Amino acid sequence: MAYAIMRAKKLANMGSVAASMQHCYRERETHNADQERTPDNQHLVAKSTDEAMGKLRVLLPEKRRKDAVLAVEYVMTASPEWFAQATPEQEKAADPRQPPERQGVHRQPGQDARRPDHLCRLCG
């Protein structure tokens with residue numbers, strides 16, 4: 001059966017954010033990724049963990065609560081069965097490089113559009 005997969009995880013400290021980015025930038029050993037597909041990954045705002053973390057530090061307020069959530073990591077994909085039966089048009093419509101309004105993903109009012117996102121595509 002084909003199904004959608006969405007995972008959300010709160011990242012509450014800089015170490016968690018950096019670890020997540022190191023995974024996506026393949027700057028740490030990543031067992032669940034197909035190394036042959038790593039060149040297909042796309043990073044939209046930064047080219048490395050260090051660059052992305054620098055951009056994040058600029059955006060974060062100097063003072064924040066101890067238990068503040070610094071980022072929310074989302075993984076959105078589909079089951080292998082979906083990809084096996086999807087038409088090229090369906091795959092194109094689901095492509096995360098499409099504008100948010102085409103993906104059904106919308107920012108909340110007041111949400112900062114300058115956040116340092118990265119897109120870890122085809123990550124296994």
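These legends describe close-up views of a predicted model.

**Figure 1. The whole chain holds 5 helices and 2 strands.**
From the N terminus on, the elements follow the order β-α-α-β-α-α-α. The chain has 124 residues, and 23% of them count as buried. Its accessible surface comes to about 9,200 Å². Carbon and sulfur atoms account for 52% of that surface. Contacts between residues at least 6 apart in sequence were also examined: 72% of them join residues at least 24 apart.

**Figure 2. Confidence varies along the predicted chain, with helix 1 at the top and helix 5 at the bottom among the elements.**
The average pLDDT of the chain is 78. A score of at least 70 is reached by 77% of the residues. Helix 1 (residues 14-24) has the highest mean of any element, at 92. Helix 5 (residues 100-103) has the lowest, at 50. Over residues 101-124 the pLDDT is below 50. That stretch still has 50 contacts in the model beyond near neighbours in sequence. Where pLDDT is low, predicted coordinates should not be read in detail.

**Figure 3. A salt bridge joins E73 and R7.**
This is one of 3 salt bridges in the structure. The N to O distance is 3.1 Å. The pair links distant parts of the chain. E73 belongs to strand 2 (residues 71-78), and R7 belongs to strand 1 (residues 4-11). In sequence they are 66 residues apart. E73 counts as buried because its relative accessibility is 18%, under the 20% limit. R7 has a relative accessible area of 36%, so R7 is partly exposed.

**Figure 4. K55 and E51 form a salt bridge within helix 2.**
The closest N and O atoms of the two side chains are 3.8 Å apart. Helix 2 covers residues 49-59 and contains both partners. K55 and E51 are 4 residues apart, about one turn of the helix. K55 is partly exposed, at 34% relative accessible area. E51 is partly exposed too, at 32%.

**Figure 5. D67 and R65 meet in a salt bridge.**
Here the closest N and O atoms are 2.8 Å apart. Side chains of opposite charge can pair when their charged atoms come close. D67 is partly exposed, with a relative accessible area of 48%. R65 counts as exposed because its relative accessibility is 60%, over the 50% limit.

**Figure 6. Five side chains, M6, V69, V72, Y74 and M76, make a nonpolar surface patch.**
The patch covers about 510 Å². Strand 2 gives the largest share, 3 residues. V72 is a residue of strand 2. At 41% relative accessibility, V72 counts as partly exposed.

**Figure 7. W82 and F83 form an edge-to-face aromatic pair.**
The count of aromatic pairs comes to 1. The ring centres of W82 and F83 are 5.0 Å apart. Their planes stand at 85 degrees to each other. The pair counts as edge-to-face because that angle is over 60 degrees. F83 is partly exposed, at 40% relative accessibility.

**Figure 8. T49 is a buried residue in helix 2.**
Its relative accessible area is 3%, so T49 counts as buried. Leaving aside neighbours within four places in sequence, T49 is in contact with A18, M21, Q22, Y25 and E27. One of these partners, E27, is the subject of the next view.

**Figure 9. E27 sits in the loop between helix 1 and helix 2.**
E27 is partly exposed, with a relative accessibility of 42%. Not counting residues up to four places away in sequence, E27 touches Q22, S48 and T49. E27 and S48 are 21 residues apart in sequence. In space, their C-alpha atoms are 8.3 Å apart. T49, another contact of E27, is buried.

Note on methods
Residues numbered from 1 in each chain as written. Predicted model: local features only at pLDDT ≥ 70, side-chain atom pairs only at ≥ 80, totals over all residues. Heavy atoms only, no water. Salt bridge = Lys/Arg side-chain N within 4 Å of Asp/Glu carboxyl O. Buried < 20%, exposed > 50% of the residue type's maximum accessible area, 1.4 Å probe, protein only. pLDDT = per-residue confidence, 0-100. Contact = heavy atoms within 4.5 Å. Patch = residues over 30% accessible without salt bridge, like charges linked within 9 Å, V, L, I, M, F, W, Y side chains within 5 Å. Areas by Shrake-Rupley, 256 points an atom, 1.4 Å probe, with all protein chains shown as cover. Phe/Tyr/Trp six-rings, centres within 6.5 Å; stacked < 30°, edge-to-face > 60°.
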